[in-house]
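Please look through the model below with two themes in mind, its enclosed cavities and its aromatic pairs.

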Amino acid sequence: MTSSDIGYDFGEHRLQIIEWEHLDLCKFYPLALASSWSIRCLLYPMSVIKARLQLQRQNTVYRGTFHAFKHILRNEGFTALYRGFWMTLPQLSASFLYSSIYERIRDLFQINTGISSPPIVSAFAGAAASTSAQLIFVPTDIIAQHMMVHNNPENFVGNIRNAAVLNYLKTGCSEERLTLGLRVAKAIYNVDGIKGFYRGFLSSLMLYIPSSVVFWMAYYNFLDFFKIVRKCVIHPAKKKFSKNDKHVTDYDERKDYRNIFVDQALAGSFSGICAAIFTNFLEVFRIRLQVQRTSYMETFRKLRKQEGLKVFTKGLTPRIINNGVYSCLVMLGYETVKKLCVLPEFRDKIVW
């Protein structure tokens with residue numbers, strides 16, 4: 001994520017955009033890590049529910065999000081909602097990799113192309129950053145996804161060939177005193193070798209690059225929209241209903257828009273939801289390919305035959321909840337952390 005560089009006027013001496021050179025990075029990275037970990041911990045159950053809904057054939061196991069939540073709690077316990085959580089923690093480093101590459105490419109793109117449109121620049125930088133982040137995301141996702149369904153492969157994976165990794169987990173390393181995550185990693189390696197950890201890498205790029213583009217394009221357009229609403233709707237309404245209030249003056253961004261947290265949170269949430277809706281079928285395709293170990297064409301044919309148009313909505317509800325809340329909290333958390341970590345010489349210039 002990045003700071004909002006939409007054109008709000010806070011005065012010449014205000015710091016509108018907090019860049020890397022404004023930050024105390026020794027303070028920033030630990031706080032950003034803690035913020036990201038807290039958000040991930042809160043929302044991880046939605047990832048488990050989403051994965052199971054997308055992997056099941058039609059509605060053979062769960063009828064929907066709420067039914068899946070109740071069923072997992074009743075039959076497997078609360079800890080099942082966090083199965084695979086610890087194996088995804090390396091993805092926190094991928095978030096920093098994403099942010100660093102995003103900021104750098106955005107700056108280079110603006111300097112070398114002369115394009116300054118925030119939606120275009122951010123979409124391009126986000127797409128490039130997503131590609132690098134998948135080097136960490138893909139192997140950890142594959143391990144976590146297998147952990148989520150390891151105790152019920154027949155309902156989520158399919159036949160013996162598709163369930164080769166989970167079958168090896170039961171027979172080949174069931175007696176070893178290793179954690180479930182390490183046993184799954186060993187099973188993947190023994191069945192598919194190193195390439196097993198990057199199965200479906202292209203499908204991940206097919207998912208996360210468009211998702212990043214949609215998110216950033218929508219984010220800045222939503223911020224523009226909220227700015228117009230504030231200026232043309234909210235402020236005139238305040239003046240109309242407060243005619244005798246001398247404190248309500250003409251619209252002035254410097255006074256009326258000092259705190260943009262609300263708009264950033266809403267824009268992040270709505271953009272996350274847009275990205276979830278537009279790329280959901282790619283998410284279903286990716287997880288089926290990686291866990292059920294089918295080829296690209298076989299995965300496509302099976303989805304068309306088994307799910308039809310429902311592929312566009314399969315597991316969509318938990319994905320909308322996850323993306324919407326995650327994007328909102330990350331925007332708030334990231335912006336807050338950046339403002340808390342500015343160097344002393346810039347502290348009086350930031351806008352809260």
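**The cavity and the aromatic contacts**

Sorted by class, the residues that line the largest cavity comprise 23 nonpolar, 17 polar and six charged ones. The model in which this lining is found is a predicted one, and the volumes, distances and angles given below should be read with that in mind.

The cavity just described is one of three cavities of 30 Å³ or more, and as the largest cavity it has a volume of about 1100 Å³. Its lining takes in 46 residues, and those that lie nearest its centre are Arg40, Phe137, Tyr208, Asn322 and Tyr326. If one asks which elements give two or more residues to this lining, the list runs through helix 1, helix 3, helix 4 (118-149), helix 8, helix 10 and helix 12 (316-340). Helix 1 gives the most to the lining of the largest cavity, with 11 residues.

The second theme is that of the aromatic side chains, for which the count comes to 24 aromatic pairs. One of them is formed by Tyr44 and Phe85, whose rings are 5.3 Å apart from centre to centre, with an angle of 75° between the planes, and this pair is classed as edge-to-face because the angle is over 60 degrees. The pair links distant parts of the chain, since Tyr44 belongs to helix 1 (residues 25-55), whereas Phe85 sits in the loop between helix 2 (65-76) and helix 3 (91-113), 41 residues apart. Are these two residues buried or exposed? Tyr44 is buried, because its relative accessible area is 4%, and Phe85 is likewise buried, because its value is 3%, where buried means under 20%.

A further pair is that of Phe226 and Phe270, which is tilted, with 6.2 Å from centre to centre and 55° between the planes. This pair, too, links distant parts of the chain, with Phe226 in helix 8 (residues 201-241) and Phe270 in helix 10 (residues 261-292), 44 residues apart. Here the two partners fall into separate accessibility classes: Phe226 counts as buried because its relative accessibility is 11%, while Phe270, with a relative accessible area of 35%, is partly exposed.

Returning to Tyr44 and Phe85, one finds that both belong to one aromatic cluster, which is formed by Trp37, Tyr44, Phe78, Tyr82, Phe85 and Trp86. Helix 1, which holds Tyr44 of this cluster, is also the element that gives the most to the lining of the largest cavity.

Key. Residues numbered from 1 in each chain as written. Predicted model: local features only at pLDDT ≥ 70, side-chain atom pairs only at ≥ 80, totals over all residues. Heavy atoms only, no water. Phe/Tyr/Trp six-rings, centres within 6.5 Å; stacked < 30°, edge-to-face > 60°. Helix = DSSP H or I, 4+ residues; strand = E, 2+ residues; numbered from the N terminus. Buried < 20%, exposed > 50% of the residue type's maximum accessible area, 1.4 Å probe, protein only. 1 Å grid on protein atoms, 1.4 Å probe; cavity = no way out; pocket = protein on both sides within 12 Å on 5 of 7 lines; lining within 4 Å. Points joined across faces, edges and corners; volume = space filled by probe spheres on them. Nonpolar A, V, L, I, M, F, W, Y, C, P; charged D, E, K, R; others polar.
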